[in-house]
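Got your viewer open? Here is a walk through the model, one selection at a time.

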Amino acid sequence: MSNSIVEIEDTKCVFIFGYNASTSHPIVARRINHAKQKGAKIIVCDPRKIETARIADIYAPLANASNVAFLNAMMNVILEEGLQDQKFIDEHTENFDAFREIIKSYTPESTQHITGIEPEMLREIARTYATAETATILWGMGVCQFRQGVETVRALASLAMLTGNLGKPNVGVNPVRGQNNVQGACDMGALFNTLPGYQSFQDPETNAKFAQAWGIPELNKNPGVPLSEVPHAVKEGKIKAFYIMGEDTLQTEPDINAMKQTFKDLEFIIVQDIFMTQTAAEADVILPATSCAEHEGVYSAADRGFQRFYKAVEPVGNVKDDWVIISELATALGYPMHYNNTKEIWDELRSLCPIYKGATYEKMEGLGYIQWPCYDEGPEDQGTQYLYKNQIFDRKGGKAEFFACDWEPPMEELSEEFPLVLSTVREVGHYSCRSMTGNCRALAALADEPGFVQMNDQDAKELGIKNNDLVWISSPRGKVISRADVSSRTNKGACYMTYQWWIGKCNELTAEHLNPGSRTPEYKYSAVRIDKIEDQNWAEHYVVTEYTKLKTRLKSTALVA
């Protein structure tokens with residue numbers, strides 16, 4: 001995020017694009033509500049009429065997979081009506097002419113058949129955003145998990161550049177992260193192609209710095225394998241073992257059936273977790289770790305904030321902290337690794353990553369919150385609330401680069417056999433892959449297996465499906481059962497499922513279609529069919545039986561482990 005979550009409520013315009021804050025990040029949703037109360041204009045662009053759309057000044061029911069076309073048309077209006085911040089463009093950006101050349105053909109009229117948005121509404125959105133004194137863009141997985149996910153992010157950045165909404169308070173480009181600890185994982189270098197602090201291992205000085213700190217001759221300069229490409233690497237014989245920490249891979253990866261085959265092809269699987277999961281049940285070795293309440297450390301928040309957390313209770317049983325397990329495993333493999341506490345690890349990190357250097361444990365004491373970059377260890381440097389101060393950007397020459405591209409359709413086409421769009425979404429009652437919240441009886445009482453498939457009331461009527469009916473959802477890759485959640489808030493021709501349910505496992509339906517840049521799967525657009533189940537009593541019995549079988553298997557595996 002270029003700006004901070006606390007700044008949202010003091011902006012004059014909140015542009016929410018492919019992001020459902022009320023279910024994904026309820027605390028952010030409160031900030032949006034506060035912004036509305038303070039007079040901000042709220043714009044929501046989403047195929048579903050999500051909760052925030054109820055308070056929106058403008059709600060655009062955007063057609064599924066039309067993001068780039070919509071943003072191109074919006075920027076076309078801004079340019080045609082002279083609403084751009086030309087001073088900002090001239091002084092702080094480059095590549096504007098090439099950008100404008102692509103944008104000029106994307107009029108609201110020419111894109112209506114793609115976006116489904118009336119030209120006058122699109123113009124109203126463009127004017128509202130462009131003329132606001134300050135404007136904040138918020139987006140989520142409804143942007144990233146598409147064929148053109150990277151391109152859409154760059155288009156949103158160009159929209160902010162076009163109107164000068166960067167490099168000052170209460171504006172910015174703000175991805176509110178979608179997965180558990182994804183910001184922290186990226187910050188710490190848990191990516192296939194970067195080191196901690198977003199440093200390149202191909203840079204000789206950086207490579208030498210880390211090699212010296214870790215006591216090795218040099219680092220491997222070749223990139224690793226992205227998670228989404230692990231199945232291919234396993235099939236090709238490049239990967240023989242898989243070490244999984246805190247993730248239920250057999251629940252969260254696209255095309256689960258293909259992932260099951262990947263597990264069969266692997267020679268060795270290690271799982272480090274706090275609960276028995278479907279993935280852990282397939283492991284050759286399970287390493288039991290402490291939960292967040294049983295150890296201390298540092299969290300990395302979505303808006304670049306570091307925050308200490310403290311041990312609340314002593315661990316029970318034969319469990320160890322994650323960092324202890326990693327250290328002992330490294331030592332057993334021939335690389336001596338020893339730390340006395342988490343502070344030693346954090347101080348090593350600060351010494352190697354200039355943008356984190358000033359984020360000391362002392363500054364984070366209690367409820368301290370330090371946002372990177374924070375370069376100085378002195379008490380006066382409390383971190384950076386917003387990036388690009390004075391409109392100086394992290395590129396050679398300090399200027400931002402405009403980007404535009406043509407819209408491309410999603411990778412999978414609808415058909416007579418599979419006529420509906422499936423998009424995976426979040427559910428507020430459970431979190432992520434549900435390995436933790438699924439063990440909470442109170443939450444299970446509110447929502448339990450096999451979960452829900454949100455569908456439009458007109459589609460349901462045509463199929464003879466009533467609200468709460470159990471139905472089959474099928475795709476070219478699989479078939480699962482779920483409960484129909486019928487309403488007019490879901491757009492016609494589309495349906496939505498959360499990926500955390502074990503029986504209603506929608507990732508058995510999604511495809512391994514990857515964005516070329518980020519290698520992120522296109523979870524938001526899969527072709528499916530929904531079928532009515534005539535015998536509802538049989539269906540209810542089937543769900544209970546299958547769920548009981550799965551829980552019994554996991555329980556018995558846990559006891560053996």
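Where does proline 373 lie? Select proline 373 and you land in the loop between β12 (369-371) and β13 (400-401). The names come from DSSP runs: helices are H or I with at least four residues, strands are E with at least two, and both are numbered from the N terminus. Now add tryptophan 372: the peptide bond from tryptophan 372 to proline 373 is cis, with omega near 0 degrees.

Before moving on, some ground rules. This is a predicted model, so local features need pLDDT of at least 70 and side-chain atom pairs count only at pLDDT 80 or more, while totals for chains, interfaces and linings use all residues. Residues are numbered from 1 along each chain as its sequence is written, and side-chain values use heavy atoms, with hydrogens and water left out.

**Still in the β12-β13 loop**

Pick tyrosine 388, which lies in the loop between β12 and β13. Tyrosine 388 is not a glycine, yet it has a positive phi of about 65 degrees. With a relative accessible area of 23%, tyrosine 388 is partly exposed; here buried means under 20% relative accessible area, exposed means over 50%, and partly exposed is in between (1.4 Å probe, protein chains only).

Next, select arginine 395 and glutamate 94. They form a salt bridge, with the closest N and O atoms 2.7 Å apart; the term calls for a side-chain nitrogen of Lys or Arg within 4 Å of a carboxyl oxygen of Asp or Glu. Glutamate 94 lies in strand β4 (residues 93-94) and arginine 395 in the loop between β12 and β13, so the pair ties together parts that are 301 residues apart in sequence. Glutamate 94 is partly exposed at 32%, and arginine 395 is partly exposed at 33%.

**More salt bridges**

The structure holds 35 salt bridges, so here are two further ones to click on. Glutamate 365 pairs with arginine 308, the closest N and O atoms being 3.3 Å apart. Glutamate 365 sits in the loop between α16 and β12 and arginine 308 in strand β11, so this pair links parts 57 residues apart in sequence. Arginine 308 is buried, with a relative accessible area of 12%.

Then show arginine 483 with glutamate 540: their closest N and O atoms are 3.0 Å apart. Arginine 483 is in strand β17 (residues 478-487) and glutamate 540 in helix α19 (residues 536-560), so they tie together parts that are 57 residues apart in sequence. Arginine 483 counts as buried at 16%, whereas glutamate 540 is partly exposed at 32%. For a network, select Glu9, Asp10, Arg31 and Lys38, which are joined by salt bridges that share partners.

**Helix α2**

Which residues of α2 are buried? Colour Val28, Ala29, Ile32 and Ala35. They cover an arc of only 110 degrees around the axis, which puts them on the same side of α2; the arc is that of the directions from the helix axis to the C-beta atoms. What covers these buried residues includes β1 (13-17), α1 (21-24), β2 (41-45) and β5 (135-139). Spin to the face turned away from the buried side and you find the exposed residues Ile27, Arg30 and Gln37. After α2 comes glycine 39, with a positive phi near 105 degrees.

**Helix α11**

Move to α11 (residues 204-214), where Thr206, Asn207, Phe210 and Ala211 are buried. Seen down the axis, these residues fall within an arc of 130 degrees, so they line one face of the helix. Their cover includes α16 (342-352). On the face turned away from the buried side, look for the exposed residues Pro204, Glu205 and Gln212. Glycine 215 follows α11, and its phi is positive, near 70 degrees.

**Last stops**

Zoom in on arginine 304, in the loop between β10 (297-300) and β11 (305-309). Arginine 304 has a positive phi of about 75 degrees although it is not a glycine, and counts as buried at 1% relative accessibility.

For another cis peptide bond, select glutamate 449 and proline 450; omega is about 0 degrees. Proline 450 is in the loop between α17 and β15 (452-456).

Finish at isoleucine 269 in strand β8 (residues 268-273). Isoleucine 269 is buried, with a relative accessible area of 3%.

How values were computed: Contact = heavy atoms within 4.5 Å.
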